[in-house]
Amino acid sequence: MVCKADFLFYTVSMNSECKSLRGFPVSPGVVYGEVVAAKEESSAEIPRRNISEDQIEYEWKRFEGALNISKKEIAGLKEGGDKTQNEILDAQLLMLNDPEFLPLVKKELESKLVNIESALDSCICSATALLRSSGDEYLACRAADIEDAFGRVMRRLLDRCGRKECSGDSGGCGCSATLAGKILAAGNISPSYAVSLKKAGVAAIVLEEGGPACHVAILARSWNIPAVVGVRGLCGTAGDFSGMRMLVDGRAGTVFINPPEKYAEDYIKTEREKAASSKKTGKLPSETSDGVPFSLLANIAVPGDCAGALSCGAAGVGLFRSEFLFLRDDSFSLPDEEEQFEAYSSAARAMDGRPVTIRTLDVGGDKSLSSQAALKEKNPLLGWRAIRFCLDEKEIFQTQLRAVLRASAFGDVRIMFPMVASVYELDKALSALEEAKASCRRDGFNFNENIMTGVMIEIPSVAVCADIMARRVSFMSVGSNDLIQYTMAADRENPKVSYLYNCFDPAVLRLIKNVIDAGGKHGTEVSLCGEMGGNPVSACLLFGMGLRKFSMSAALMEQVSAALSSCSSVKLEQTAEAVLRACSSAEAESILERELGGITAGL
Ligand code: PEP
Ligand code: MG
C-alpha cells in the first residue's frame, strides 16, 4: 500500500550474483535492461586530459568566457532580489573576481598542463580543504561559497566541453544518448534533473532515497516511467552500477540486480500477460455500486501530459504543477508571460472544456529556483517557498497570474494557491489576482472574470481553519503529501521517519475530515490532489469521509475507479466512521484491511 508507513525493506539472495532489493513501488511497469548511473551537473565527474603548451591560451579563454557568463547570470539573479539574497550574490561576484584565486587557477593550468576544468577543480579542492581545516566556522562557510561560485563556472565549462552529447536533453553530462532505453540508478536526483529524463527516454528509475510522495516519484508516475524509490542498500550493493543489468518491477517495488536472463524474460512475460488480461476499455466507471457519483481528475506536470490523462479517462486536470515549466537545467531563466500563456492555454484547449486547475508557482524545499538555493535556508521546507516566495516576488507572480488569466479565455481554467498558511496570505494572493485582472483589462485581453479560485490545504493551520478559508474561495484542494509531512513533522522524503509519514494517522484523517465538512457546510468544492487519492484503499476511505473529487497520476485512475465502483457508498461510509474512531494508524489500517481488504485483492 503506497501510504503505509511501516513498509518492509529487505534483501533476498537469489544466487551469489543476483540480489533482490525492495523499495517503494511508485510507478508501475516492469523493465529489464542495462543500468546507467545518474550524473547530475553538480556531481558530474570532472574530465581530465593533458594539453600542450600552445593550448593554454585556448583553455584560459574558455575559462574567461565561462566566468563572464556566470557573472552575468548572477547579475541577472540580483534584479528584483531582496537585500539578503543580493548580499549573497554580491559575495559570489566578489569570489569570481578574486585577485588571489584567479592567478592560482592560471598557475595550475600552466604548470600541470591539464584542461581548465581539471585545473579549476584542483584549485577549488585545495582552497576549500584549507579553509575547512582551519577550524574556523566563518572560513568553513567561505569554502562553501567558493564551491558555489566556481561550481557555477564549472557547470558552464562542462556545458561547453565540446562533447556533442553534452548539449542533449538529459541535463548536464548525463547524455540522452547514454540514457535512452536504460535504467537510471542513483542515490537521489533533483527534480530539475528528473524533468529532463522523459525526453531522454529513460526506461526506468531506481533511487536509494525518496518516498512515494517525492517529486521524482510523482514525475515518473505521470510519465509512465516505471520507478522504485527508497531502495535501501542500493548503492552499497550495486557499487558504481557499471556493467550491471537490473529487472525493475515498479508495481511490486522490487529491484533484481543482475538476474539470470531467463528469469527476467519469464518475469516480464508473466507481468505483461497479467496487465493485458486486466486491461479494460472505454470510459472509467464513475459511480459507486449504489449509484453515488465521484470524479477522477489528473495531476499533470506539463501540457503534453493532457493527452495521456484523457486517454486514461480523466474528467479534467485537478492539479497542473506549473513549477515544472520553471525548473529546467537553466533554472534561472524564468518562462515569460507568452511562454506560460502558451503552456496554460494549450492545456485548456487539449482538455476541451474540462476543468484545468493551474497551481501557481510552488518552488522551494526540494524544488528550488537558483535565487532560493542561493539563500541556503536552514529549514527550506519551512522557509521561503510557494506562495511565500510569490507574494515577495511580485513580478514573477503577476506574470504567471496574467498568463493564467489569459488562458482562461480558452477553457475552464482555474487558479489554485499552494502552501497557504494563513488568511493573511490568502487575502494577499487574492488581491494580487485582482491586480492581474485589472492589468489584463487595461491591456484588452479576454479572460474569465469569474475564474474559479482555490486554495491548497497542505498546512495544518489552514486545515484547522478550513471554515474560514471556505468562505473566501470557490474550492479547496487537500495536498495530502505536504499535509501529512507538516502534521507529523516528518520529511516526506526521509525513509528514517517514514514510520511517522502515514496518511492513516488519526491527526491527518481528522484534519481532512474537517476540510471536507467545512466545504460541505459552506458550499465550497473540496478535492484531494496528493498521492493518498491515487491509492485504492485510501481513496475508498476518503469517499466514505465525504470526498467526491480525486486528482491523481493518470496511471492510477483505473485502479481507483475500479475500487470505488466496486463498493457501495453505505459500506464506505460505515468503514470511514469506524476508521475515524481509531486511536492509531495501525488500528485504522487493520480496520481497512478487515473491511476493504477484498477490493485490493481483486484489482
Ligand atoms: C501535496 O502536497 O499533496 C501536493 C499535491 O503538492 P506537491 O506534491 O507538489 O507538494
Ligand atoms: Mg504540496
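Colleague: Let's start with α23 and α25: which residues meet there?

Modeller: Happy to. A helix contact is read by listing the residues on each side. In this predicted model, C540, L541, F543 and G544 are the residues of α23 that take part. From α25, the partners are S569, L572, E573, A576 and V579.

Colleague: How do the residues of this contact divide into nonpolar, polar and charged?

Modeller: Six are nonpolar, two are polar and one is charged.

Colleague: And at what angle do α23 and α25 pack?

Modeller: The angle is about 95°, and the axes lie 7 Å apart. Angles of 65 to 115 degrees count as roughly perpendicular, so α23 is roughly perpendicular to α25. To place them in the chain, α23 covers residues 536–544 and α25 covers residues 569–580.

Colleague: Let me step back to the whole protein. How many helices and strands are there?

Modeller: There are 26 helices and 17 strands. The chain material amounts to 603 residues, and 54% of them are buried. As for the surface, about 25200 Å² is exposed, with carbon and sulfur atoms supplying 52% of that area.

Colleague: What share of the contacts joins residues 24 or more positions apart?

Modeller: Counting contacts with a separation of 6 or more, that share is 68%.

Colleague: Now the metal. Which protein donors does the magnesium ion have?

Modeller: A metal site is read from the donor atoms and their distances. For the magnesium ion (ligand 2), the protein donors are E458, through OE, and D482, through OD, at 2.0 to 2.2 Å. The two come from distant parts of the chain, 24 residues apart: E458 sits in the loop between β14 (453–457) and α19 (460–464), while D482 belongs to helix α21 (residues 480–488).

Colleague: Are E458 and D482 buried or exposed?

Modeller: Both E458 and D482 are buried.

Colleague: I'd like to look at backbone angles too. What is phi of M419 near?

Modeller: Here one looks for positive phi in residues that are not glycine. M419 is such a case, with phi near 55°. M419 lies in the loop between β13 (412–417) and α18 (423–442). A489 is another case, with phi near 50°, and its place is the loop between α21 and α22 (506–522).

Colleague: How do the surroundings compare: is M419 buried or exposed, and is A489 buried or exposed?

Modeller: M419 has a relative accessible area of 1% and is therefore buried. A489, by contrast, reaches 70% and is exposed.

Colleague: What about α9: why can that helix be called largely enclosed by the rest of the structure?

Modeller: For a whole helix, one counts its buried residues. Helix α9 (residues 215–222) is largely enclosed because eight of its eight residues are buried. They are H215, V216, A217, I218, L219, A220, R221 and S222. After α9 comes N224, with a positive phi near 55°.

Colleague: One more region, please. Where is R402 found, and in which helix?

Modeller: R402 is part of helix α17 (residues 394–407). With a relative accessible area of 13%, R402 counts as buried, because the cut-off is under 20%.

Colleague: Which residues does R402 touch, leaving out those up to four places away in sequence?

Modeller: R402 touches E337, A436, S439, C440, D443 and F445. Two of these partners are good to follow further. A436 is in helix α18 and is buried at 0% relative accessible area. C440 is also found in helix α18, and its relative accessibility of 0% makes it buried as well.

Colleague: What separates the C-alpha atoms of A436 and R402?

Modeller: They are 5.5 Å apart, though the two residues are 34 residues apart along the chain. Besides R402, A436 is in contact with Q398, L401 and L405, leaving aside neighbours within four places in sequence.

Colleague: And which residues does C440 touch, not counting those up to four places away in sequence?

Modeller: C440 touches R402, L405, R406, F445 and F447. For a spacing to set beside that list, the C-alpha atoms of C440 and L401 are 9.7 Å apart, with their positions 39 residues apart in sequence.

Terms used: Residues are numbered from 1 along each chain as its sequence is written. Chains are lettered from A and ligands numbered from 1 in the order in which they are written. This is a predicted model: local features need pLDDT of at least 70, side-chain atom pairs count only at pLDDT 80 or more; totals for chains, interfaces and linings use all residues. Side-chain values use heavy atoms; hydrogens and water are left out. Helices (H or I, at least four residues) and strands (E, at least two) are DSSP runs, numbered from the N terminus. Buried means under 20% relative accessible area, exposed over 50%, partly exposed in between (1.4 Å probe, protein chains only). Contact means heavy atoms within 4.5 Å. Accessible areas come from the Shrake-Rupley method with a 1.4 Å probe; for residues, only the protein chains shown count as cover. Donors are N, O and S atoms within 2.8 Å of the metal (3.2 Å for Na, K and Ca); water is not among the atoms, so sites may look incomplete. Axes are lines fitted to C-alpha atoms, for helices over the stretch in contact, and angles run from 0 to 180 degrees between N-to-C directions. Angles under 35 degrees count as roughly parallel, over 145 as roughly antiparallel, 65 to 115 as roughly perpendicular and the rest as oblique. Ala, Val, Leu, Ile, Met, Phe, Trp, Tyr, Cys and Pro count as nonpolar, Asp, Glu, Lys and Arg as charged, and the others, Gly among them, as polar.
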